[in-house]
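Work through these short exercises on salt bridges. Try each task before reading its solution.

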Amino acid sequence: MSATIQSIEAILVDIPTIRPHKLSMTTMGVQTMVIVRMKDSDGLEGLGEATTIGGLAYGPESPESVKLTIDTYFKPLLIDQPADAINTLRVRLNRATRGNNLAKSAIETALLDLQGKRLNRPVSDLLGGALHQHIPVLWTLASGDTAKDIDEAHSLIAQQRHCDFKLKIGSRAVMEDVRHVAAIKEAVGEQASVRVDVNQAWDEATAAKGMAELQAAGIDLVEQPTPMKDFGALIRLSEKFHIPILADESVADAKDLFALAAGGFAGAVAMKIAKAGGPIRALEQATVAQSAGLGLYGGTLLEGTIGTAASLHAWSTLETLHWGTEMFGPLLMKDDIVVRPLNFHANGVDLPQGPGLGVEIDEDKLAVYRRGA
């Protein structure tokens, strides 16, 4: 008889960031994670994480709403159900509840971690098997100060910690942003790839001007320049410029990606397990992207180690990550709540080893950073 789910706990955890992290819609000084602990009738525990950017500044789910959703709506649907019936439980949740993909991603991750521990296999094996044990990771230069960003980039290149950089722009006048980005690209030269993330801040006319300038400055990629629902703008801009566009907020699931590709979009897609509703659903996007000839990029909502590990297990199964990943979330936080942090080196990160996610909670650290502790 298979083990059943006996308990699900959703815990709010607040960890300060190493520096203010500036985006077009907010500036973060603390990252809040929802850590899910799911225990089965055999005494095994699966871990999951749901994290977003700046509370409700980024999207419709906040850490507080994710915890409420799991506690109030998901638990009654999952308790006493077979813990190994991952697809059945995923369909059950989707039929009973709309949206709430961050919360669903945390649950799917915990189920996968639990199943991996039960079978003594890594999560990557449950997703088809890892093709890569070391995955490239870029770093976001987000101080907003040109000189500080240049110094930070040079330091990280010298350490072989990162050789690809993303800049968060869109909160300032377009030419002010362009000058900031162009100065950084000039400073790092051919040592590093420089990309920008506009976080939906430009209308189409502004994006056309900005992209022309960025293309001339040697920038490699422009992420989500226009609002998420404006598929037409992304398609037209992708036809107008040879600098590729990375679709992020526009693509919540495989259906969004299919619609964008069918409309003529040429570029790349940022896959995020939280946005998709879990690692399995994120990999559905990869299948559509590969069929449409679009590039793949492993995106983050600045998750901690648990959510980052889940993403890495998914990305490790993909033959080609054309634009690498941005799985640097744990490096942005001043501390961690796991026993063994991920190993970041050689411009990337190692896939964690061991059964499930390969991650174990540090109970003392969790007690310190748990909200209300």
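**Exercise 1.** Find how many salt bridges there are in this predicted model.

*Solution.* Take each side-chain nitrogen of Lys or Arg and look for a carboxyl oxygen of Asp or Glu within 4 Å. By this rule, the count is 22 salt bridges.

**Exercise 2.** Test the pair Arg 37 and Glu 45, then decide whether each residue is buried or exposed.

*Solution.* Start with the distance. N to O is 2.9 Å, and the two side chains form a salt bridge. Next, check accessibility. The cut-off for buried is under 20% relative accessible area. Arg 37 has 12%, so Arg 37 is buried. Glu 45 has 16%, so Glu 45 is buried too.

**Exercise 3.** Which parts of the chain does the pair Glu 363 and Arg 37 tie together?

*Solution.* First, the contact. The closest N and O atoms of Glu 363 and Arg 37 are 2.7 Å apart, a salt bridge. Now place the residues. Glu 363 sits in helix α13 (residues 363–369), and Arg 37 sits in strand β2 (residues 27–40). The pair therefore ties together parts 326 residues apart in sequence. Last, accessibility: Glu 363 is partly exposed, at 44%.

**Exercise 4.** Describe the salt bridge between Asp 177 and Arg 172, and the accessibility of each partner.

*Solution.* The N to O distance is 3.2 Å. Asp 177 has 1% relative accessibility, so Asp 177 is buried. Arg 172 has 26%, so Arg 172 counts as partly exposed.

**Exercise 5.** Which residues are linked in a network of salt bridges?

*Solution.* List the basic residues: Lys 166 and Lys 168. Add the acidic ones: Asp 197, Glu 223 and Glu 326. Salt bridges link these residues in a network.

Terms used:
Residues numbered from 1 in each chain as written. Predicted model: local features only at pLDDT ≥ 70, side-chain atom pairs only at ≥ 80, totals over all residues. Heavy atoms only, no water. Buried < 20%, exposed > 50% of the residue type's maximum accessible area, 1.4 Å probe, protein only. Helix = DSSP H or I, 4+ residues; strand = E, 2+ residues; numbered from the N terminus.
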